[in-house]
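Got the viewer open? Let's take a walk through this model, one selection at a time.

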Number of protein chains: 2
Amino acid sequence: MYTIGQVSEMFGLPISTLRYYDKEGLFPGMERQSGIRKFSDRELEALRIIECLKLSGLEIKDIKQFMAWCVEGASTYPDRKALFETRKKIVEAEMIALQKTLDMLKFKCWYYETAIRDGNEDRLNAMLPDKLPPDIQKLYDNAHASEKRK
Amino acid sequence: MYTIGQVSEMFGLPISTLRYYDKEGLFPGMERQSGIRKFSDRELEALRIIECLKLSGLEIKDIKQFMAWCVEGASTYPDRKALFETRKKIVEAEMIALQKTLDMLKFKCWYYETAIRDGNEDRLNAMLPDKLPPDIQKLYDNAHASEKRK
DNA sequence: GTAACACCTAAACCTAACTTTATGTCAAGG
DNA sequence: CCTTGACATAAAGTTAGGTTTAGGTGTTAC
């Protein structure tokens, strides 16, 4: 059993955030001792899941729904599974988008490195859009690939 | 040269958003004909870059700074390069975090699939935290890996 | 016995990135 | 001529996810 201050330390989260999460219903059935919150292992595990779900882009109200399902019992297994399946698809799509973004960033790093060496962008402009060095061309093409023809 | 309505169509962005971007200084030096915005190829390219930079997590004010650097000329190449280098590092870190999140999601999908088959979580609880099937164990371990011991 | 702490609540405040609203200009069509 | 539609502005409103503030309680340290 931990106090809110201890949990704040453990997770590196402000106390105000933990209270906000509680107010939003993210710790259903958390114990209290004369008004003071008692975080048990169940709440710590909940917090770990909250951090993951937040990273995956879930909103607070959806996390609250998930926590409510957990309390409700075995009848909500399919709902919980569906939630994770949906998230998985979204995160997979996000990874692909992020890889594209990363290729754009790598290209831009090379671009400005070259511009700095040349002192201008003339040579670069002459290479664009399809006479770049092969490895750079790959980055450029991936970064500029349209989603339409997936 | 395009009107704001045409650009809105082309990029699938609301007109209000384009006007907002303009107000925030994301199209420095955009032409006007008797008050009406004229989007040239330069603004379209800017918009493409804006979309990428937004995806990479950059804020509007930083994008504005970048656009200002572009207008300023060759003396700002190092600033622009530094911006992209920083972004690159951040996105790379994000990819790793997202992979961890994805492993957690995959684990949870398996978890609830199993719970549905069993009708309860008893067998699952008995397997946790280190007697899971090997491939699942890998997901679980990666998802629960602490950042502290990187 | 009082000061320092750690906890509590309700409610106001904050920020980013838009969106909506209210009001107005201007050109073309019936 | 007058309505429709696309453009314009300034300013207010919205939403999520917190954070801050103001005021109060309860326990331990000196």
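**Stop one: beside strand C**

Start with the protein surface near DNA strand C, whose residues divide into seven nonpolar, five polar and five charged. Keep in mind as you go that this is a predicted model.

Select DNA strand C and show what lies around it: there are 17 residues, and those that come nearest are Thr3(A), Arg19(A), Arg37(A), Thr17(B) and Lys54(B). Of the strand C atoms that come within 4 Å of the protein, sugar and phosphate account for 79%.

Now zoom in on some phosphate oxygens of strand C. One is 2.5 Å from a side-chain N or O atom of Arg19(A). Click Gly5(A) next, where a backbone N or O atom sits 3.0 Å from a phosphate oxygen of strand C. Then hop over to the other chain: a polar side-chain atom of Lys54(B) is 2.9 Å from a phosphate oxygen of strand C.

Color by element to see who supplies this surface. α1 (4–11), α2 and β2 (36–38) of chain A, along with α2 of chain B, each give at least two residues. Which element gives the most to the surface near DNA strand C? That's α2(B), with four residues.

**Stop two: over to strand D**

Select DNA strand D. Here 17 residues surround the strand, and the closest are Thr17(A), Lys54(A), Thr3(B), Arg19(B) and Arg37(B). Sugar and phosphate make up 81% of the strand D atoms that come within 4 Å of the protein.

Pick out three residues here:

- Thr3(B): an N or O atom in its side chain is 2.9 Å from a phosphate oxygen of strand D.
- Ser16(A): a polar side-chain atom lies 3.1 Å from a phosphate oxygen of strand D.
- Ile60(A): here a polar backbone atom is 3.5 Å from a phosphate oxygen of strand D.

The elements giving two or more residues to this surface are α2 (15–23) of chain A and, from chain B, α1 (4–11), α2 (15–23) and β2 (36–38). The largest share, four residues, comes from α2(A). By class, you'll find seven nonpolar, five polar and five charged residues near strand D.

**Stop three: where the chains meet**

Hide the DNA and show chains A and B. In this contact, 36 residues of chain B touch 36 residues of chain A. About 3500 Å² is buried between the two chains, and carbon and sulfur atoms give 78% of that. Highlight Tyr77(B), Leu98(B) and Tyr112(B): in chain B they lose the most area to chain A, together 19% of what that side buries.

How many salt bridges are there between chain B and chain A? Zero. There are, however, four residue pairs in polar contact across the interface.

Select α3 (41–55), α4 (60–72) and α5 (77–118) of chain B, the elements that each give two or more residues to the side touching chain A. The largest share, 25 residues, comes from α5(B). Sorted by class, this side of chain B has 20 nonpolar, five polar and eleven charged residues.

**Last stop: the axis**

Superpose chain B on chain A. A turn of 180° and a shift of 0.2 Å along the axis lay one on the other with an RMSD of 0.2 Å, which is the relation of a two-fold axis. The same surface serves both copies, as 100% of the contact residues of chain B recur in chain A.

To find the rotation axis, select Met95(B): of the residues of chain B, its C-alpha comes closest, at 3.5 Å.

Conventions. Residues numbered from 1 in each chain as written. Chains lettered and ligands numbered in written order. Predicted model: local features only at pLDDT ≥ 70, side-chain atom pairs only at ≥ 80, totals over all residues. Heavy atoms only, no water. Contact = heavy atoms within 4.5 Å. Buried area = accessible area lost by both parts, 1.4 Å probe. Salt bridge = Lys/Arg side-chain N within 4 Å of Asp/Glu carboxyl O. Polar contact = N/O pair within 3.5 Å; in protein donor to acceptor, adjacent residues only side chain to side chain. Nonpolar A, V, L, I, M, F, W, Y, C, P; charged D, E, K, R; others polar. Near = heavy atom within 4 Å. Least-squares fit on C-alpha atoms with pLDDT ≥ 70 in both.
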